[in-house]
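Please look through this structure with a student's eye. The report below covers charged pairs, strands and one helix.

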Amino acid sequence: MKGSADDPHYSVGLLEPDMTVSDVIDNHIYEQTLSEKNAFFVADLGVVITQHVRWRTHMAEIRPFYTVRCNSSPVIIEVLAALGTGFICSNKFELELVQRHGVPSDDIIYSGLCKQVSQIKHAAKNGIDFLVCDNEAELRKISRCHPNAKLLLQLSTESMSQEDEMSMAFGCTLKDCRHLLERAKELGVQVVGVRSLISNSCVDDHVYIDAITDARCVFDMGVEFGFNMKILDIGCSFIGSDTRLQMLSAAVTSVLDLYFPPSTGITVIAEHGSYFVSSAFTLAVSIISKDEVAPEQPHDDPPLNDEPEFQYYMNEGVYGSFAGKLTETRIAAPSARKNLAPDAPQYTSSLWGPSGDDLDQVVERCQLPELSVGDWLVFSHAGTYGLGQPLSIDSPPPPVFHVISSRDWCEIQGTGVTQETTLKNCSLVPYFLKSSHTKATLSVPV
């Protein structure tokens, strides 16, 4: 059953104990091989919920907010909303999507830094008051179109600018913040908090510490101007292991206790997108064309070897499910879904989308066995920036098959998560593998 604005209902396949996500992928590859060979995603909701439980275990004092542009799959919104996650939206489409799932306006932050007037008015009309701002022009625009707005000043720290050369393109310095606070006071616009600008690629704990320290300075400035500042967004677009999460928790918690202790009544939030969804999604694509190319070598030098190199063209590219390639997301090499001998030779290969555009290169170089048109590649960690608004109405995103293992479902229920409280618009249905011993699959693409 397909979800829609009028009937937002979705099916989730419940896997038996001896079934894996890999089985599900193979099952749908088998079905697609018999039909049109369309790309598809498989999403393991158990991973999403487990990530949420991990976060609440190690960062209980910090409320997670989900970055919708990372992955706007409606089932993900449904699950995270039920778990009490807030949402960071960057445009009208995302605002409407989140509100359609019953998320209260106070749990939504409109983060776009260059907002259209029409979208600011849309936020005002729908009671979405929390907006991000980092310059005077935006501040004046908001004051005209949304007089009830509650602003979070986007702050870029000096250590972050050293970590990421592009970080200073957005976000204001401490000096800028004083200027904006003064202008906001003159314009009668509320400033209620600070949002730290931290790159997804940041792995230095000191950047988070410096961001919180700088935020304390902005809060003190706000008091001087008479603002009641109660929200601290530490950014924290984090991807990593459980150990890394514990290390970050130790570093961040200590500095928060120093500068923003619970007695201040300040709500601390952190933004996450990839953390929740990256490892939960797997993408399967098929090869639609193939070229053999000469190995790269210095000009006029003799060939280094006789092994060919291959260019493969897939039915998804950077203008679709690999849109993350256009940001800072690195696309890892896929695995080939093909019966091969253990000692099958590997060849240098490059992977391209179907557009023929020079920018539509998904993976520059990787080692793969020789493939044929119609063969399948599987990309893990495919949940980031591939399931947003399609860039073209002529190429809608591939279907997503949502599943959860019976073991994950039983463990998650032990934490208080139930279908009644979490999957209100989702139906758990038994998932059957299509083989000579079973009937047709009961899972439904969403």
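The side chains of Glu 138 and Lys 141 form a salt bridge, with N and O 3.1 Å apart. A salt bridge here is a side-chain nitrogen of Lys or Arg within 4 Å of a carboxyl oxygen of Asp or Glu. Glu 138 and Lys 141 are three residues apart in helix α6, so about one helical turn separates them. Both are buried; that term means under 20% relative accessible area, with exposed over 50% and partly exposed in between (1.4 Å probe, protein chains only).

This is a predicted model: local features need pLDDT of at least 70, side-chain atom pairs count only at pLDDT 80 or more, and totals for chains, interfaces and linings use all residues. Residues are numbered from 1 along each chain as its sequence is written, and side-chain values use heavy atoms, leaving out hydrogens and water. Helices (H or I, at least four residues) and strands (E, at least two) are DSSP runs, numbered from the N terminus.

**Salt bridges**

The whole structure holds 14 salt bridges. Three of them are listed here.

| Pair | Closest N to O distance |
|---|---|
| Glu 138 and Lys 141 | 3.1 Å |
| Glu 138 and Lys 115 | 3.5 Å |
| Asp 220 and Arg 216 | 3.1 Å |

What parts of the chain does the pair Glu 138 and Lys 115 link? Glu 138 sits in helix α6 and Lys 115 in the loop between β5 and α5, 23 residues apart. Glu 138 has 4% relative accessibility, so it counts as buried. Lys 115 is buried as well, at 3%.

Asp 220 and Arg 216 lie four residues apart in helix α9 (residues 205-224), so about one helical turn separates them. Asp 220 is partly exposed at 39% relative accessibility, whereas Arg 216 is buried at 16%.

**Strands**

Strand β6 (residues 130-133) is covered on both faces. Phe 130 and Val 132 are buried on one side, Leu 131 and Cys 133 on the other. Strands pair if DSSP finds at least two bridges between them. Four bridges join β6 to the parallel strand β7 (residues 150-155). Val 132 has Leu 152 as its bridge partner in β7.

**Helix α4**

Which residues of helix α4 (residues 92-100) are buried? They are Glu 94, Leu 95, Leu 97 and Val 98. They cover an arc of only 165° around the axis (taken from the directions from the helix axis to the C-beta atoms), which puts them on the same side of α4. Just after α4, Gly 102 takes a positive phi of about 80°.
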